[in-house]
Structure formats: C-alpha cells, structure tokens
Amino acid sequence: AMVKLGKGVSQDARDFVDSFREMAQKNDASKKLRMREWNHCDFNANGLISLAECDLWVKEVLISKCVKGEGERIWKRYRRSYLHAFNRAKNVSEGNEIEGMKTATTDDYVDKKEFRIMIAYLC
C-alpha cells in the first residue's frame, strides 16, 4: 500500500517521493519498472550497485521526473536521505566476498534483491 504523506510535507519532499514511489510497490507493473531501472542503474552490469551508481541514478530519475531545473536541486537537498537508504539496504542480503577484490564484499553494494528495499527506503 502507498504511504500517504501528511499535510506538513514540503512540495520538494512530495516530488522526491513521487519520483520513486511507483517502483517501490509489490506488483507486476512495479517489478517491470524496477527491472528496467535496475538495468539503467547497474551501469557496469556487474549485478551490484555502488554508491556512486546509486547517486547518479537518483539524480537522473529526479531530473527526468521533476519540473525542469528542480530535479538537481531536489537531488542535492535530499542527498543524505538516499545515502541513508543505500546504506540500510546494502546490508539486507548476506555479504559475500567479491572475486578479485581484497576487502570489498557484496555488503558494500546493493544487489538486485536489495534494490526494491532501497527504493522503499527512499520513499
């Protein structure tokens, strides 16, 4: 079910949430949308999203969905919230070592199973 935003929520916050809300739902249309966005967000197609990839993806979504010129401003305003969403979601699945990396594990990234959860945290 969609979370209803209260009367005291700013228009910027509404625009931010509305940009991602449809992708966070548990239905076939949202899943299809998430899969398309996953393929766009996972720029290097390694099955994991880095914080840098997440950052760029959030910015691109906001720029494409918000009134012209407002997307980048909203991206900057709410940057801490999506960094928090990324950091919470990346630890949902069990971490595994990444071949060829000395210290990085999958817990340093968001995987496909964690992607919907990350988007839900955004909302």
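Which elements do the buried residues of α5 pack against? Keep that question in mind while you move through this predicted model, selecting one part after another.

**Stop one: helix α5**

Begin by selecting α5, which covers residues 79–89, and colour Y82, A85, F86 and A89, which are buried residues in this helix. If you then turn the view until you look down the axis of α5, you will find that its buried residues fall within an arc of 95°, so they line one face of the helix. Now show what surrounds them, and the opening question can be answered: the buried residues of α5 pack against α1, β1 (48–49), α3, α4, β2 (110–111) and α6.

**Stop two: F86**

Stay in α5 and select F86, which lies in this helix. Is F86 buried or exposed? Its relative accessibility is 1%, and because buried means under 20%, F86 counts as buried. Leaving aside the neighbours of F86 within four places in sequence, you can display its contacts with I49, S50, L51, C54, D108, Y109, V110 and M118. Add D55 to the selection as well, since its C-alpha atom and that of F86 are separated by 9.2 Å, although the two residues are 31 residues apart along the chain.

**Stop three: S50**

From F86, step across to one of its contacts, S50, which you will find in the loop between β1 and α3. S50 is also buried, with a relative accessible area of 17%. When residues up to four places away in sequence are not counted, S50 touches F86 and Y109.

**Stop four: the nonpolar core**

Next, select F16, F20, W57, V58, L62, F115 and M118, which are the residues with the most contacts inside the largest nonpolar core, a set of 27 residues. The elements that give two or more residues to this core are α1, α2 (28–41), α3 (51–65), α4 (70–77), α5 and α6 (112–122). Centre the view on F20 and, again not counting residues up to four places away in sequence, show the residues that F20 touches, namely W57, V58, V61, L62, I119, L122 and C123.

**Stop five: D12**

Finish in helix α1, residues 11–24, by selecting D12, which is buried, with a relative accessible area of 11%. Which side chain does D12 join through a polar contact of 2.7 Å? Show the side chain of R73 to see this partner of D12, and then add I74, R77 and Y78, which D12 touches along with R73 when residues up to four places away in sequence are left out.

How values were computed:
Residues numbered from 1 in each chain as written. Predicted model: local features only at pLDDT ≥ 70, side-chain atom pairs only at ≥ 80, totals over all residues. Heavy atoms only, no water. Helix = DSSP H or I, 4+ residues; strand = E, 2+ residues; numbered from the N terminus. Buried < 20%, exposed > 50% of the residue type's maximum accessible area, 1.4 Å probe, protein only. Polar contact = N/O pair within 3.5 Å; in protein donor to acceptor, adjacent residues only side chain to side chain. Contact = heavy atoms within 4.5 Å. Core = buried A, V, L, I, M, F, W, Y, C linked by side-chain atoms within 4.5 Å. Arc of directions from axis to C-beta.
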